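Colleague: I should like to learn how to read the features of a model such as this one. May we go through it step by step?

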Amino acid sequence: MIESLLVANRGEIARRIIRTARRLGIRAIAVHSEADAGLPFVTEADEAVCVGPANPAQSYRNVEAILAAAKSTGAQAIHPGYGFLSENADFARTVEAGGLIWVGPGADAITAMGDKINARNLMAAAGVPVAPGTTDPAADLDAAVAAAAEIGYPVMVKAAAGGGGMGMGVAADEAALRTEYDKVRSFAERMFGDGSVLIERYFPRVRHVEVQILGLADGRVVALGERECSVQRRNQKLVEESPSPAVSPELRERFLAAAVRAGEAVDYRNAGTVECLLDPATQEFFFLEMNTRLQVEHPVTEYVYGVDLVEEQLRVAAGLAPTFDPDALAPRGHAIELRINAEDPKRFLPGPGVIAIWNEPAGEGVRVDSGYLAGNTVTPFYDSLMAKLIVSGRDRTEAVERARAAVAQFEIAGPKNNLPFFAELLENAEFLSGDYDTGIVSRMR
């Protein structure tokens, strides 16, 4: 097993990776910005190195500083968490070229799946269902208009290099397409350095369902069930649950088989997620994208399948067999994750500030992965995620009941937070029925 691990991330995910590393007897090394010096992940690590000022480009995305920290601390491996450098193929190559172990998929797989158009084409060739759309970037507005006319409105306009719900727009007709194309292209050039745009069929009522895969050290790819991620604001997830209340045993079998084919098509190793859109009316699903990293919502899979995905990541990276039997994977019970963000619960606008009170809920089936404690400051420099509240139960009904109680017990004062939204959601008839889609939040507002 790996003996020393540098965690190239911050907040709750850094703290969560450190927790597993220390349980396994691995020396855990944190890197942090000046703004994060007082956060729990820094103090809980065996060693910590400041890699720059608050600006992520000068700290958490500063490749030279992170590699220097790895060298000075004698780190054997680097875990990138999610976000920042986690899906940067050049960083992965640089880590391995420096003689370090990269805890993630190979750089070639990251590259192959990082471009949405290339990924779509690869998946189609592998027999994974893809939505009607362009096989090449829409080179200009005229090409986009022609593609949309062939696909049929409404269409989704997407940044080919985008991710995390960013760089997307919906066009119901040609006039809207002309506006959205310029908007998405400009955003993509500014945010990703790549203005390539693809056009896909847009489904007005759709569910967002994803499959957790793990590429094992022996070359096999296995699927650890699906997660429902349809409670979203601005195309970004707020709630995830597993199993999905929309997926029957027969549909689950098709989902998992397609996800395994997706992983096999790029010789995938380590943890990854195959994201899909599900048309609830027809039970058809379509490949959306592949996240070549650990997902924010991985804890719901951990509960339902009884695994520690970070431990499995470390074992794969070290060339070891998994702790579970790949031929005997079966879900048990139900789990729900709520993303506790420092944001206004009505309009979901960021609301950073000093945390005056932080009291986490506890009890059977309750887990909190948090990045903060009382006295810490939620700064405006990073994502607004403060913690993840994960609950599990024997079935969905029990999980929802425990979620209600945990939300009521969770006490945060200082920054704005979205706990009131979750209290409302957990009483919402549409959510409780399980028959909801990606429009549920907008209907609540």
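Modeller: What follows takes up helix packing, a buried helix, a sheet and some backbone details. Please keep in mind that this is a predicted model.

Colleague: Let us begin with helix packing. How do helix H3 and helix H4 cross, and at what angle?

Modeller: Two packed helices are described by the angle between their axes and by the distance between the axes. Here the axes of H3 (residues 63–73) and H4 (residues 89–97) come within 12 Å and cross at roughly 30°. Angles under 35 degrees count as roughly parallel, and H3 and H4 are therefore roughly parallel to each other. Their crossing is right-handed.

Colleague: Which residues make the contact of H3 and H4?

Modeller: On the H3 side they are Val63, Ile66 and Leu67, and H4 supplies Phe91, Thr94 and Val95. By class, the residues of this contact divide into five nonpolar, one polar and no charged.

Colleague: Next, burial. Is helix H10 enclosed or open?

Modeller: A residue is called buried when its relative accessible area is under 20%. In H10 (residues 298–305), seven of the eight residues are buried, so this helix is largely enclosed by the rest of the structure. The buried residues of H10 are His298, Pro299, Val300, Thr301, Glu302, Val304 and Tyr305. After H10 comes Gly306, with a positive phi near 65°.

Colleague: Let us turn to the sheet. In what order do strands E6, E7 and E8 lie?

Modeller: Strands of a sheet pair through backbone hydrogen bonds, either parallel or antiparallel. In this case three strands form an open sheet in the order E7-E6-E8, with antiparallel pairing. Strand E7 (168–171) and strand E8 (197–201) stand at the edges with a single partner strand each, so one side of each has no neighbour in the sheet. On average, neighbouring strands of this sheet are turned by 25° against each other, direction ignored.

Colleague: Over how many bridges do E6 and E7 pair, and what is the bridge partner of Val157 in E7?

Modeller: The antiparallel pairing of E6 and E7 extends over four bridges. The partner of Val157 is Gly169 in E7.

Colleague: Which strands does helix H6 lie across, and which strands does helix H7 touch?

Modeller: H6 (residues 116–125) lies across E6 and E8, and runs at about 45° to E8. H7 packs on the sheet and touches E6 and E8, its direction making about 15° with that of E8.

Colleague: I should also like to examine the backbone. Where are cis peptide bonds found?

Modeller: One of them joins Tyr153 and Pro154, with omega about 0°. Pro154 lies in the loop between H7 (141–151) and strand E6 (155–159). Another cis peptide bond joins Ser242 and Pro243, where omega is about -5°. Pro243 belongs to the loop between strand E11 (236–242) and helix H9 (249–265).

Colleague: What is the phi of Asn235, and what is that of Asn270?

Modeller: Asn235 is not a glycine, although its phi is positive, about 65°. Asn270 is likewise a residue other than glycine, and its phi is near 80°.

Colleague: Where do Asn235 and Asn270 lie, and is each buried or exposed?

Modeller: Asn235 is found in the loop between strand E10 (221–233) and E11. At 39% relative accessibility, Asn235 counts as partly exposed. Asn270 lies in strand E12 (residues 270–279), and at 1% relative accessibility Asn270 counts as buried.

Note on methods:
Residues numbered from 1 in each chain as written. Predicted model: local features only at pLDDT ≥ 70, side-chain atom pairs only at ≥ 80, totals over all residues. Heavy atoms only, no water. Axes fitted to C-alpha atoms, helices over the stretch in contact; angles between N-to-C directions. Helix = DSSP H or I, 4+ residues; strand = E, 2+ residues; numbered from the N terminus. Parallel < 35°, antiparallel > 145°, perpendicular 65-115°, else oblique. Left-handed = near helix turned anticlockwise from the far one by under 90°. Contact = heavy atoms within 4.5 Å. Nonpolar A, V, L, I, M, F, W, Y, C, P; charged D, E, K, R; others polar. Buried < 20%, exposed > 50% of the residue type's maximum accessible area, 1.4 Å probe, protein only. Pairing = 2+ DSSP bridges.
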